[in-house]
Amino acid sequence: MAQRFPKLAAEEMSAAQREVAAEITAGPRGEVRGPFIAWIHHPELARRLQALGEQLRWKSTLPPQLIELAVLICARRWSCQHEWLMHEKLAREAKLDPRIINSISGNQRPGNLSPEQAAVYDFCKDLHATGRAGDATFEAARNHFGLEGALELIALSGYYSLMAMVLNTAGLPLPGGAQPPLK
C-alpha cells in the first residue's frame, strides 16, 4: 500500500501544523512519529489526540505493564503491525512475560496471567468483541482497578483502536524497514 499521508518537513507545514509538531516533540514522544505523521495533516485533531494519548500512557493510574497488555490486545484485534511493533517492545520493557506477548500475538488466551492481567485481558477482549464489557468482566476490572481504572481501560481500548485504524489506513512503512511482526 502506498503511503497515503506523507511525512511533512517543517517547511511544508502550516503555522498550525508547526505549532502542534513542536508540542508533540516537546512531550514524552520526542518527535512526530507513528500515527502522528498522519494526524499532523489535521492539526487540531493531532493536538487533542496527542494530549489524550499522553494522559493514557504516561499519567494513568494503571501500571505500564497493564497498559501495554491492553494495547497489545488492541493491536492484535486490529492486526496493526505498527502498533504491535512499537508496543511489544514497550511491553517487554515493562516486564510483561514474553509468553503472554507470544500468546496474544498468536490470538490465544495466555495461560499464565496474574489476576490483574486476567482482569485486563478479559475486559479488553470483551470490549473489542462486543463493544461493551460484560457484567463479570466489568466487576473484575472494577474490583482490581476501581471505576477510574475501568474507565481508563475503556479509553485505552478506544484510543488505540482509533490509532490502529489510522495506522492501518495510512500506509506508513514500518520503522527501520522492519518486517510485519503479526501473522
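What share of the contacts in the chain with a separation of 6 or more comes from residues 24 or more positions apart? The share is 67%. The legends below refer to a predicted model.

**View 1. Eight helices make up the secondary-structure elements of the chain.** Strands number zero. Read from the N terminus, the order is α-α-α-α-α-α-α-α.

**View 2. The overall dimensions of the chain agree with those of a compact globule.** The radius of gyration is 17 Å. A compact globule of 183 residues would have a value near 16 Å, so the two agree. Along the principal axes, the C-alpha atoms fill a box of roughly 50 × 35 × 30 Å.

**View 3. Buried residues account for 46% of the chain.** That percentage refers to 183 residues. The exposed area of the chain is about 9200 Å². Carbon and sulfur atoms supply 56% of that area.

**View 4. The chain carries 20 positive and 19 negative charges.** Each set has a mean position. These mean positions lie 5 Å apart.

**View 5. Y159 and Y160 form an aromatic pair.** One such pair turns up in a search of the whole structure. Its geometry is edge-to-face. The ring centres of Y159 and Y160 are 4.9 Å apart, and their planes make an angle of 85°. An angle over 60 degrees counts as edge-to-face, so the pair of Y159 and Y160 falls in that class. Are these two residues, Y159 and Y160, buried or exposed? Both Y159 and Y160 are buried.

Methods:
Residues are numbered from 1 along each chain as its sequence is written. This is a predicted model: local features need pLDDT of at least 70, side-chain atom pairs count only at pLDDT 80 or more; totals for chains, interfaces and linings use all residues. Side-chain values use heavy atoms; hydrogens and water are left out. Helices (H or I, at least four residues) and strands (E, at least two) are DSSP runs, numbered from the N terminus. The radius of gyration is taken over C-alpha atoms; the globule rule is 2.2 Å times the number of residues to the power 0.38. Buried means under 20% relative accessible area, exposed over 50%, partly exposed in between (1.4 Å probe, protein chains only). Contact means heavy atoms within 4.5 Å. Accessible areas come from the Shrake-Rupley method with a 1.4 Å probe; for residues, only the protein chains shown count as cover. Lys and Arg count as positive and Asp and Glu as negative; His and the chain ends are not counted. The place of a charge is taken as NZ of Lys, CZ of Arg, CG of Asp or CD of Glu. Rings of Phe, Tyr and Trp (its six-membered ring) pair if their centres lie within 6.5 Å; planes under 30 degrees apart count as stacked, over 60 as edge-to-face and the rest as tilted.
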